[in-house]
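Subject: Handing over the structure, with notes

Dear colleague,

I am passing this structure on to you, together with an account of what was found in it. Please keep the sequence and the structure open beside the text as you read.

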Amino acid sequence: MAWVLKMDEAIESGLVHDFDSSLSGIGQELGSGAYSMSDVLALPIFKQEDSNLPPEHETKHPPFQYVLYAATSPAVKLHDETLTYLNQGQSYEVRMLDNRKIGDLPEISGKMVKSIVRVVFHDRRLQYTEHQQLEGWKWNRPGDRLLDLDIPMSVGIIDPRTNPAQLNTIEFLWDPAKRTSAFIQVHCISTEFTPRKHGGEKGVPFRIQIDTFKQNETGEYTDHLHSASCQIKVFKPKGADRKQKTDREKMEKRTPQEKEKYQPSYETTILTECSPWPDNAYVNNSPSTTPAFTSGQVSTYSVPDSNSSSPNHQGEGTPQYVVEQLCPAATIQEAQQWLHKNRFSTYARLFSNFSGSDLLKLTRDDLVQICGSADGIRLFNALKARSVRPRLTIYVCQESQHGRSISQLTSSQDNENGEGDSRAIYVYHAIYLEELTTAELAKKIAAIFSISQNQINQVYRQGPTGIHVLVSDQMVHNLQDESCFVISTIKAENSEGYHVILK
């Protein structure tokens, strides 16, 4: 038994010795001098990942930077766009900074650039109806502008301009090599464009967008260089300060874990890069240019000579005109001319890149969504060349023609059954009525038979037993659509005119 115990002790001591020596070997192999992090990163798998990263010099570097000196809201989540609150009519500085690296855009060194500042809608739905929204604002605030430039406070601004037709736009020249600050004032508030005006409604966000251009070969500032924008909301005076304070107090009540999901509030707002704002489409008004129109024989009723796209404009109801149908082969420029000619000028910029085929491919729902219900349906009907159905249609024939046809009918050879030839043609004229009045009916009858309306004294309808019933507006309203009448005339007793009788 003792011998067995000694054997066990010997085996254990041998195992311990072997284990210690193996550990010491591992320590030697993994010593501090054997491997380093640089050796690990030099492995091929890490080299392959590094090669996929873009070189530092390929990172996009904007040539300019615009900074709005107004604090951002603290109640914006981390991955959302910043939101800045502004007070109505207050001057805010927008610092125009030259952000070029050495050697970038040498062609503008020592030269001016032009920047266009706009206040536009952030909501895409409102962007589609921007013109109507701004026209409504202009109607309620005559003489005011949505955006103004505070020239006395601005620095480095040259040749500032405002277009009376574009209330939300200002433009100016500036030298990137010199300090430039534009002080802007926004006069519209976000709640002015909300559907309800009962107080407490959430205002719509706007965008401040700046587009910068350089001179082209002819000296015009049309070559785009850079565009950037930021999201804002505009409140009544002091309202932005109260809103900022409210957001800050709400964030202070949140837990540290919840605060991590939100952006911190910054003292200034940096405008982020964006696509340039689309310019107004160029419309060539040269008389030598012939648009690709085809005259579809579609009769509608007269419309006023107005650029307004309001559906409430009513025609005079007298002359008719032929709608010029847009041809699918029409170019972009010709499509623009067609829009202007048919009182859709307000949407010319929106469809600035649409050719004739592009416009004709739009469905009724597409146009209603883009232009709103009234103008969308009107544009759809114009594109499809749909005529307006008259309220009442009647057919009239002169009695003399009718009688002549009867005589021809009776004098013709009888057929084998002894009956007259029924192939005689009675010529009737169509009269389309919109106002459904006696005066309109008399006017249309006079026009068809080439007489003066003043020669028609009264219009009668032959009733039962041959009585003559005076035609009133109410009777015209109750005429059956597509009724046929034979017209006869009798001399008026006390004048040189005639009475018209509908039989």
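Since burial comes up throughout these notes, the cut-offs should come first: a residue is called buried under 20% relative accessible area, exposed over 50%, and partly exposed in between. Please also bear in mind that this is a predicted model.

Salt bridges

By the rule applied here, the model holds 14 salt bridges. One of them joins E171 to K114, with the closest N and O atoms 3.8 Å apart. This pair links distant parts of the chain, as E171 belongs to strand β7 (residues 169–174) and K114 to strand β4 (residues 113–121), 57 residues apart. E171 has a relative accessible area of 24% and is therefore partly exposed, whereas K114, at 16% relative accessibility, counts as buried.

Another salt bridge is formed by E192 and R141, whose closest N and O atoms lie 2.9 Å apart. Here too distant parts of the chain are linked, for E192 sits in the loop between β8 (180–186) and β9 (206–215), while R141 sits in the loop between α5 (130–140) and β5, 51 residues apart. At 24% relative accessibility, E192 counts as partly exposed.

A salt bridge within a helix is found between K444 and E440, where the closest N and O atoms are 3.7 Å apart. These two residues of helix α13 (residues 438–448) are 4 residues apart, so that about one helical turn separates them. K444 is buried, with a relative accessible area of 16%, and E440 is buried as well, its relative accessible area being 6%. Elsewhere, E93, R95 and R179 are joined into one network by salt bridges that share partners.

The open sheet with β1 and β3

An open sheet is formed by 5 strands, which follow the order β5-β8-β3-β1-β11 with antiparallel pairing. At its edges lie β5 (147–149) and β11 (269–270), each of which pairs on one side only. Within this sheet, β1 and strand β3 (residues 91–98) pair in the antiparallel sense over 5 bridges, and the bridge partner that Q65 finds in β3 is L97. By way of background, strands of a sheet pair through backbone hydrogen bonds, either parallel or antiparallel.

Two loops that involve these strands are also worth a look. K77 is found in the loop between β1 (64–68) and β2 (83–87), and a relative accessible area of 47% makes this lysine partly exposed. On the surface, K77 gathers with K250, K253, R254 and K261 in a patch of positive charge. The loop between β3 and β4 contains K101, which at 48% relative accessibility counts as partly exposed. K101 and H61 are 40 residues apart along the chain, and their C-alpha atoms are separated by 8.2 Å.

Strand β20 and its partners

Further along the chain, strand β20 (residues 498–502) is mostly covered, since 4 of its 5 residues are buried. Strand β17 (residues 456–462) pairs with β20 in the parallel sense over 5 bridges, and V459 has V500 as its bridge partner in β20. Strand β19 (residues 483–491) is likewise joined to β20 by 5 bridges, but these two strands run antiparallel. In this second pairing K491 stands opposite Y498 of β20, and a hairpin of 6 residues connects β19 to β20.

Helices α8 and α14

What are the buried residues of helix α8 (residues 332–341)? They are E334, A335, Q336, Q337, W338 and L339. Just after α8, R343 takes a positive phi of about 65°, which you may wish to look at in the model.

In helix α14 (residues 473–477) we find V476, which is buried, with a relative accessible area of 1%. V476 and L433 are 43 residues apart in sequence, while the distance between them in space is 9.3 Å, C-alpha to C-alpha.

With kind regards

Key. Residues are numbered from 1 along each chain as its sequence is written. This is a predicted model: local features need pLDDT of at least 70, side-chain atom pairs count only at pLDDT 80 or more; totals for chains, interfaces and linings use all residues. Side-chain values use heavy atoms; hydrogens and water are left out. Patches are made of residues with over 30% relative accessible area and no salt bridge: like charges are joined within 9 Å, nonpolar side chains (Val, Leu, Ile, Met, Phe, Trp, Tyr) within 5 Å. Accessible areas come from the Shrake-Rupley method with a 1.4 Å probe; for residues, only the protein chains shown count as cover. A salt bridge is a side-chain nitrogen of Lys or Arg within 4 Å of a carboxyl oxygen of Asp or Glu. Lys and Arg count as positive and Asp and Glu as negative; His and the chain ends are not counted. The place of a charge is taken as NZ of Lys, CZ of Arg, CG of Asp or CD of Glu. Buried means under 20% relative accessible area, exposed over 50%, partly exposed in between (1.4 Å probe, protein chains only). Two strands pair if DSSP finds at least two bridges between them.
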